Amino acid sequence: MIKKIIVVVITLFISVGSFAQKNNTSAYSFFGVGDKNSMNTVEQLSMGGIGVAHNDAYHLNFSNPASVASLSFTTYALAIENKNINAQDGNDKQSAAATYLSYLALGVPFGEKGGLSFGLLPNSSVGYSLSSTVLDSEGMITEGTFYSGEGGTNKVFLNFGYKPFKGLSVGLQGNYIFGKIENSIINQAEGTLLATKYETVSNVKGFSVNAGIQYETKLNDKIDLNLGASFDLSNTIDTDGNEYLYSVSLSSFESPRDTILNVNSVGGLKSPLKTTLGAGIGQKNRWFAGVDYSFQNALELEGSVFNNYSKIAYDKYNKIALGGFYTPKYNSISSYWERVTYRAGLKFEKTGLLVDGVGDGNDFTAIDDFGISFGVGLPLSQQLSNINIGFEIGKRGNTSKGLVEENYFNFRLSLSLNDKWFKKLEIF
């Protein structure tokens, strides 16, 4: 068993390199430390992202630290995601796609009352390439500006869950967040030999803590009632890097010339307490229907590294998600398809991001997100392990006031593998 743990830990840290790939193509990843990734498994995302109230003996649950106390088997989980975005701003349309490893985690039960999990998953992501032009009265380009960015942050977590008494679970999770983000803006006017490039390179790091609670009771002989709550405690993610301003030649390739500015820059992203409440009803291993509601006060950007973000602001965040699953007969011997799990859900999300697309920082528009998801869990042979496939379609933003509307389609694939590590020695 010790050898298995060593192998998993080594695999986890080797995989850090795999998370350093481009995993976003959204224009809205330009802001702050990038797009905030959904901290859910493929199984949860296929149900609209619910899971705060749901506990599962065979699958990990990233949305509530208390859920790990319900694991019956050692569970390996890993997933990949393919994002496809069709973006339009009222004039042009563009498409982009990215595929990446979305999480790697391990959960281990300890007896009947406790469990722990640890893993690695993306926390935020940056990946965009944008351009804007100024035209004269004859429609000729007189000035061009090009924006690009890449990088993001990752999260390593360690989670403990415990059942103090029947029906009640509590959990606590610690996270270390780290990453690197590079943003650049190149501007060139007509008649000039050299362009001007402004670049920021930021190293991001910080700690955060999550706490959760779940309660399960019976409404009758067949139906269970599940309640849950999770709390992302307030924290600050620090950034430390450099700002550069220099002239460049763009004739055949980018060639830096005179350096105008080279200074150290610091900043931080302050996240207030985020609360998620959930409730659901279901029949164990058969079906479940639930709803989650999340809310949080506005994020705060501070420090010189974020001084140039005059066209964005943050408002209160809230999200409601509804979803569930249905398994005809999870222990069926005669029919494979009766053991397949079918999932579906939807979400309505006010991201809290406000953008002024054409003004001077005084006319902000909220960027909202709506998505519909569905998926299946396919059993592997006669085992409890399974392959999970998920799909999501949705829309974020709109084309009013110079903004971008993104219509997206996400494909997700995960493995949830179960094993029994701690077995009592039997003497015959």
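This briefing walks through the strands, cores, surface and salt bridges of the structure above. Please keep in mind that the model is predicted. The protein chain has 428 residues, 47% of them buried, and its secondary structure comes to two helices and 19 strands. Among contacts with a separation of 6 or more, 66% are between residues 24 or more positions apart.

**Strand pairing**

- A good place to start is strand E8 (residues 224–232), which runs antiparallel to strand E11 (residues 274–283) and is joined to it by nine bridges. In this pair, Ala 229 sits opposite Leu 277 of E11.
- E11 also pairs with strand E12 (residues 287–296), in the antiparallel sense and over ten bridges. Here Ala 279 faces Val 291 of E12.
- The hairpin of E11 and E12 has three residues between its strands, and Asn 285 takes a positive phi near 65° there.
- From E12, ten bridges lead to strand E15 (residues 317–326), again with an antiparallel arrangement. Ser 294 and Lys 319 in E15 stand opposite each other.
- E15 in turn is antiparallel to E16, with nine bridges between them. Ile 320 is opposite Phe 348 in E16.

**Nonpolar cores**

- The largest nonpolar core has 17 residues, and the members touching the most others are Tyr 28, Phe 31, Leu 353, Val 355 and Ile 367. Strands E4 (114–135), E6 (168–189) and E16 (341–355) each give two or more residues to this core.
- Another core, of twelve residues, lies apart from that one and includes Val 42, Leu 60, Ala 79 and Leu 121.
- Beyond its neighbours within four places in sequence, Tyr 28 is in contact with several residues, including Leu 353, Val 355, Ile 367, Arg 396 and Glu 406.

**Surface**

- The accessible surface of the protein chain is about 21,100 Å², and carbon and sulfur atoms account for 59% of it.
- A nonpolar patch on the surface has about 960 Å² of accessible area; among its residues are Leu 277, Val 291, Ile 320, Phe 348 and Ile 372. E12, E15 and strand E17 (365–379) each give two or more residues to the patch.
- Ile 372 lies in strand E17. With a relative accessible area of 35%, Ile 372 is partly exposed.

**Salt bridges**

- Side chains of opposite charge can pair when their charged atoms come close. The count of salt bridges here comes to eleven.
- Asp 369 and Lys 347 form one of them, at 3.7 Å from N to O. Asp 369 is in strand E17 and Lys 347 in strand E16, so the pair ties together parts that are 22 residues apart in sequence. Both Asp 369 and Lys 347 are buried.
- Lys 350 and Asp 368 form another, with their closest N and O atoms 3.4 Å apart. This pair also ties E16 to E17, because Lys 350 lies in strand E16 and Asp 368 in strand E17, 18 residues apart in sequence. Lys 350 is partly exposed, at 41% relative accessible area, and Asp 368 is partly exposed at 31%.
- Glu 406 pairs with Arg 396, the closest N and O atoms being 3.1 Å apart. Glu 406 belongs to strand E19 (residues 405–419) and Arg 396 to strand E18 (residues 386–396), ten residues apart. Both Glu 406 and Arg 396 are buried.
- Asp 369 and Lys 347 also belong to a network of salt bridges that links them with Glu 81, Glu 392 and Arg 412.

Notes. Residues numbered from 1 in each chain as written. Predicted model: local features only at pLDDT ≥ 70, side-chain atom pairs only at ≥ 80, totals over all residues. Heavy atoms only, no water. Core = buried A, V, L, I, M, F, W, Y, C linked by side-chain atoms within 4.5 Å. Buried < 20%, exposed > 50% of the residue type's maximum accessible area, 1.4 Å probe, protein only. Helix = DSSP H or I, 4+ residues; strand = E, 2+ residues; numbered from the N terminus. Contact = heavy atoms within 4.5 Å. Pairing = 2+ DSSP bridges. Areas by Shrake-Rupley, 256 points an atom, 1.4 Å probe, with all protein chains shown as cover. Patch = residues over 30% accessible without salt bridge, like charges linked within 9 Å, V, L, I, M, F, W, Y side chains within 5 Å. Salt bridge = Lys/Arg side-chain N within 4 Å of Asp/Glu carboxyl O.
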